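Q: Please walk me through one small part of this model and then follow the thread to a few other residues. I'd like to know what is tucked away and what is out on the surface.

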Amino acid sequence: MRDPIGVLNIDKPRGLTSHDVVARIRKIAGLQRVGHAGTLDPLARGVLVVCLGKATRLIEYLVDTRKSYVATVEFGIVTDTWDAEGEIIERRKVEPLSPQRIEEALDRFRGTIEQVPPMYSALKHDGQPLYRLARKGIEVQREARSVEIHRLEVREWSPPNLVIDIECSKGTYIRSLAHDLGETVGVGAYLSDLTRTAVGPFCLERAVSLEQLAADGGAPWQDYMLPIYEAFAHIPSVTVDTETKKRIGYGQQVSLPLAPKAEIIFAYDSDRHIVAVLESDAHGGSLWRPRKVLNTN
């Protein structure tokens, strides 16, 4: 019997870390090789993509996908973490903010923007996570990073709370967006609530809860596992025959003249089992070399 290999679209509850979710799934599935594709903060709920078995070697092809969120920004309050987990360090008077002023401020954050990561983040400085330094009262200079905000729309404006829909690139800190928005309008703000509604092709409407996954008398957890060809449908692919599959297993280049134009493709066998991740040769021809071999049995 093949070892399980696939992906779970989990609806992470508030209050759990992404690591907590991985630990619970390890226990439910009885597997050690479990990993998530993109951390979701404890205060947030929503889509957490979890890879099982050899699918953990494919996480990088999910991390790069776009993310979507519904975020609540509360104006007039600043916290040390820029979200609801932190201590309130400042309260400001919230002057009347018209919808027009809100929209003008939001427009500054659409498209490619420069964003400074929060101190309370897992980014490292001299080998130490920033959040550990922050807990010691140490603040260090952080370099701004370019991120892409593909969509930023007002869902609800009920002063002092603004609910917004966001679609963004990897590496975007919604806490930073909330903080920077508050500074732009001059009254301060923090991220009071966050739901991740999508990671690439994975949406919240089709996510499964941990309770469903572990329910006695319910569907077995395997019924919720998406096969590789479905979970990674956004990656160009090709079906290879038995001889080509063997050559890939030996680490040899293979000729695939009908393969789609791409830098990398997934190779599947006739039973739709993942064989390998292949990368194109440097000259854009029909030769492909194995980047990651997953199954050649």
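A: First, a yardstick: buried is under 20% relative accessible area, exposed is over 50%, and partly exposed is in between (1.4 Å probe, protein chains only). Glutamine 32 counts as exposed because its relative accessibility is 67%. Glutamine 32 lies in the loop between helix H1 (18–29) and strand S2 (34–36); helices (H or I, at least four residues) and strands (E, at least two) are DSSP runs numbered from the N terminus. Go 10 residues along the chain from glutamine 32 and you have valine 22, with 9.6 Å between the two C-alpha atoms.

Lysine 136 also sits in a loop, this one between helix H4 (130–135) and strand S10 (145–158). With 58% relative accessibility, lysine 136 counts as exposed. Lysine 136 joins Lys124, Arg132 and Arg135 in a positively charged surface patch. Patch members have over 30% relative accessible area and no salt bridge (Lys or Arg side-chain nitrogen within 4 Å of an Asp or Glu carboxyl oxygen), with like charges joined within 9 Å and nonpolar side chains within 5 Å.

Now the cysteines: the whole structure has 0 disulfides, meaning pairs of cysteine sulfurs within 2.5 Å. Cysteine 51 is buried at 0% relative accessible area, and its closest cysteine sulfur, in cysteine 203, is 16 Å away, too far for a bond. Cysteine 168 is in no disulfide either, with the nearest cysteine sulfur, that of cysteine 203, 16 Å away. Cysteine 168 is buried too, at 1%.

Bear in mind that this is a predicted model: local features need pLDDT of at least 70, side-chain atom pairs count only at pLDDT 80 or more, and totals for chains, interfaces and linings use all residues. Numbering starts from 1 along each chain as its sequence is written, and side-chain values use heavy atoms, leaving out hydrogens and water.

Methods:
Areas by Shrake-Rupley, 256 points an atom, 1.4 Å probe, with all protein chains shown as cover. Lys, Arg positive; Asp, Glu negative; His and termini not counted. Charge placed at Lys NZ, Arg CZ, Asp CG, Glu CD.
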